[in-house]
Amino acid sequence: MNIIKQDSYVILEMNNDSSWNTLSNFLTNNNVMSSVIINLLKSDLDTDEVVLKLLPFHLNWEKRNKTFILVSNIGRNISKQLVLIKTLEEAIDFFHMEQLTRNI
């Protein structure tokens with residue numbers, strides 16, 4: 001897992017060597033206070049399972065008024081609660097638009 005820290009968000013890039021436990025431990029133990037974009041495009045994790053396991057984390061971020069985005073090729077019908085976006089560029093754009101909306 002690669003961690004890319006930006007000023008107001010963190011990108012977690014999962015790769016073929018990444019496991020669900022690595023992601024879960026990072027989200028649980030590192031007190032990530034900023035918004036999170038999780039990129040699963042280069043990962044071979046079972047995205048259906050990951051989506052179900054990420055839902056509690058999404059709810060936690062939502063309570064703190066932070067953005068929690070999942071970048072994946074899976075369809076929107078898997079989870080209507082998580083923000084699922086197909087490219088990293090679109091996810092970053094979505095994050096910035098959401099920040100603008102919150103600041104209004």
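This passage walks through the overall build of the protein and then takes a look at helix H1. The model is a predicted one.

Let's start with the big picture. The protein has three helices and five strands, and read from the N terminus they come in the order β-β-α-β-α-β-β-α. With a radius of gyration of 13 Å, close to the 13 Å that the globule rule gives for 104 residues, the protein is as compact as a globular protein of that length. Its C-alpha trace spans about 40 × 30 × 25 Å along the principal axes. Of the 104 residues, 42% are buried. As for contacts with a separation of 6 or more, 61% of them come from residues 24 or more positions apart.

On the outside, the accessible surface adds up to about 6100 Å², and carbon and sulfur atoms hold 49% of that. The protein carries 10 positive and 12 negative charges, and the mean positions of the two sets lie 7 Å apart.

Now for helix H1, which takes in residues 20–29. Trp20, Leu23, Ser24, Phe26 and Leu27 of this helix are buried. These five sit on the same side of H1, because they cover an arc of only 160° around the axis. Flip to the other side of H1, and Asn21 and Asn29 turn out to be exposed. So what lies over the buried residues? The cover of H1's buried residues includes strands S1 (2–5), S2 (9–13), S3 (35–39) and S4 (68–71), along with helix H2 (47–63). Just after H1 comes a little backbone detail: Asn31 takes a positive phi of about 45°.

Methods
Residues are numbered from 1 along each chain as its sequence is written. This is a predicted model: local features need pLDDT of at least 70, side-chain atom pairs count only at pLDDT 80 or more; totals for chains, interfaces and linings use all residues. Side-chain values use heavy atoms; hydrogens and water are left out. Buried means under 20% relative accessible area, exposed over 50%, partly exposed in between (1.4 Å probe, protein chains only). Helices (H or I, at least four residues) and strands (E, at least two) are DSSP runs, numbered from the N terminus. The arc is that of the directions from the helix axis to the C-beta atoms. Contact means heavy atoms within 4.5 Å. The radius of gyration is taken over C-alpha atoms; the globule rule is 2.2 Å times the number of residues to the power 0.38. Accessible areas come from the Shrake-Rupley method with a 1.4 Å probe; for residues, only the protein chains shown count as cover. Lys and Arg count as positive and Asp and Glu as negative; His and the chain ends are not counted. The place of a charge is taken as NZ of Lys, CZ of Arg, CG of Asp or CD of Glu.
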